[in-house]
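Grab your viewer and work through these short exercises. Each one sets a task and then walks through a solution.

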Amino acid sequence: MTASTLPILPTTVVGSYAIPAWLWAAYEKIEAGGFGRMDVAETENDAVATAVRDQERAGVDVISDGEMRRQGFIVSIFKYFHGLKPIEPRRKVGVLSYDGHVLYEPVERISAPDGLGTVRELQYLRQVTARPFKITLPGPLTLATQITKGGPYRDRVEVATDLAPIINRELRALAAGGAENLQIDDVYQSFMMEPKRLVELYDRCFEGVAVTRRFWHICFGTLEGFGFGERTYRPLFPMISSASADQLVFEFANREMAETGLWREFDCPKELGAGVLDLKNFYVESPELVARRIRRMLESVPAERLWINPDCGLARLPRHLAFAKLQALVIGTRQVRQELTGRAEPGCTTGERA
Ligand SMILES: [Zn+2]
């Protein structure tokens, strides 16, 4: 299946996939210095192959590499930046949450002379799958939440502004390398920035980036089941419609499908990647529940502009749960497709386990 032959209601993921048990074990050995450079590369390649295979087996149309080289969404990205000094986490004991991260203080203007590592991700992914895929990058605002003021920067907004051209260079390199679907991930913290400024930052990242689809995932955070901020997209409208993104990727399932009417209310011309899997919930949605959620979205978004995905990345889920949820997503989507087209949809490999 090529990008041009995608079915109606294409299924995809937001980005990260569940980390296999053996990779958690390998992380410990890597951190302790027990792996050589080639051992790390081999381990990461195997992890990507596993994530790809699981998504293919579940029947996802547009997959990702599971962000398997990133050690949890953005941790590894920071190793590519120059000009940052790590600060000890403010809290190290007890539950892991947003106050337990390593923060970084700028000591000079931030740069990334060797890029952010995603071109290597693209090259390997092309070797291990024939499916269409997307590649994601954290947005400047999201990266800036882990960077304090300091050095030449008076606040995090100035930091984010300086990160945008670095992300832009990375996206251009991915496009030049043949990537067709590129996405920026942002955790929406309304207290940090006006929607207009948020859109300007996104557009700066994608300036001159020629690809089939520019995605923009905005969510409220999923770390250990915790969100961050008031969970409403309403303040972004109508400004968000002016962004250069082709598709907005939003979370709905964990908000009990609140705000599904925004597309119609604001006549939003964008495609919507609708989150129909609740990742802050340990149960596996039935395909029927997924189908109901999709039908709800179709009341506001035309089928030609609707894509189906989980609420967020799957990295914080155990793998058996991530796989079962993806299966439900695919089967539920096929049910709705069949209703829309009148054509029988292929079944899915039910009963398999990750
Ligand atoms: Zn997310």
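**Exercise 1: Salt bridges**

Task: find which residues are linked with Arg-319 in a network of salt bridges, then look at some separate pairs.

Solution.
- Step 1. Arg-319 shares a network of salt bridges with Arg-53, Asp-54 and Arg-57. Keep in mind that this is a predicted model.
- Step 2. Zoom out: searching the whole structure turns up 24 salt bridges.
- Step 3. Now pick Glu-44, which bridges to Arg-69 with the closest N and O atoms 3.5 Å apart. That pair ties together distant parts of the chain, 25 residues apart: Glu-44 sits in helix H2 (residues 37-58), while Arg-69 is in the loop between H2 and strand S1 (82-87). Glu-44 and Arg-69 are both buried.
- Step 4. For another setting, try Arg-154 and Glu-158, whose side chains form a salt bridge at 2.5 Å, N to O. Arg-154 has a relative accessible area of 67%, over the 50% cut-off, so Arg-154 is exposed. Glu-158 comes in at 22%, so Glu-158 counts as partly exposed.

**Exercise 2: A pair within one helix**

Task: work out how many residues apart Glu-200 and Lys-196 are in helix H6, and why they are separated by about one helical turn.

Solution.
- Step 1. Check the contact: the closest N and O atoms of the Glu-200 and Lys-196 salt bridge are 2.9 Å apart.
- Step 2. Both belong to helix H6 (residues 195-205), and because they are 4 residues apart there, about one helical turn separates them.
- Step 3. Is Glu-200 buried, partly exposed or exposed? Its relative accessible area is 36%, so Glu-200 lands in the partly exposed class.

**Exercise 3: The zinc ion**

Task: list which atoms coordinate the zinc ion, and write down how the donor residues are spaced in sequence.

Solution.
- Step 1. The donors are NE2 of His-217, SG of Cys-219 and SG of Cys-312, at 2.1 to 2.3 Å.
- Step 2. Along the sequence, the donor residues follow the spacing H-x1-C-x92-C.
- Step 3. Look at the surroundings: His-217 and Cys-219 are both buried.

**Exercise 4: A buried asparagine**

Task: explain why Asn-181 is classed as buried, and find what its side chain reaches.

Solution.
- Step 1. Asn-181 lies in strand S4 (residues 181-187).
- Step 2. With a relative accessible area of 4%, against a cut-off of under 20%, Asn-181 is therefore buried.
- Step 3. The Asn-181 side chain reaches the backbone oxygen of Phe-133 at 3.0 Å.
- Step 4. Leaving out residues up to four places away in sequence, Asn-181 touches several others, among them Val-62, Lys-134, Ile-135 and Thr-212.

**Exercise 5: An enclosed strand**

Task: say why strand S7 is largely enclosed by the rest of the structure, and which strands it pairs with.

Solution.
- Step 1. S7 (residues 271-275) has 5 of its 5 residues buried, so the rest of the structure largely encloses it.
- Step 2. Split the strand by face: Glu-271, Gly-273 and Gly-275 are on one side, Leu-272 and Ala-274 on the other, and all are buried.
- Step 3. Strand S6 (residues 247-251) pairs with S7 in the parallel sense over 5 bridges, with Phe-250 standing opposite Ala-274.
- Step 4. S7 also runs parallel to strand S8 (residues 306-309), joined by 4 bridges, and here Gly-275 stands opposite Asn-309.

Note on methods:
Residues numbered from 1 in each chain as written. Predicted model: local features only at pLDDT ≥ 70, side-chain atom pairs only at ≥ 80, totals over all residues. Heavy atoms only, no water. Salt bridge = Lys/Arg side-chain N within 4 Å of Asp/Glu carboxyl O. Helix = DSSP H or I, 4+ residues; strand = E, 2+ residues; numbered from the N terminus. Buried < 20%, exposed > 50% of the residue type's maximum accessible area, 1.4 Å probe, protein only. Donors = N, O, S within 2.8 Å, 3.2 Å for Na, K, Ca; no water. Polar contact = N/O pair within 3.5 Å; in protein donor to acceptor, adjacent residues only side chain to side chain. Contact = heavy atoms within 4.5 Å. Pairing = 2+ DSSP bridges.
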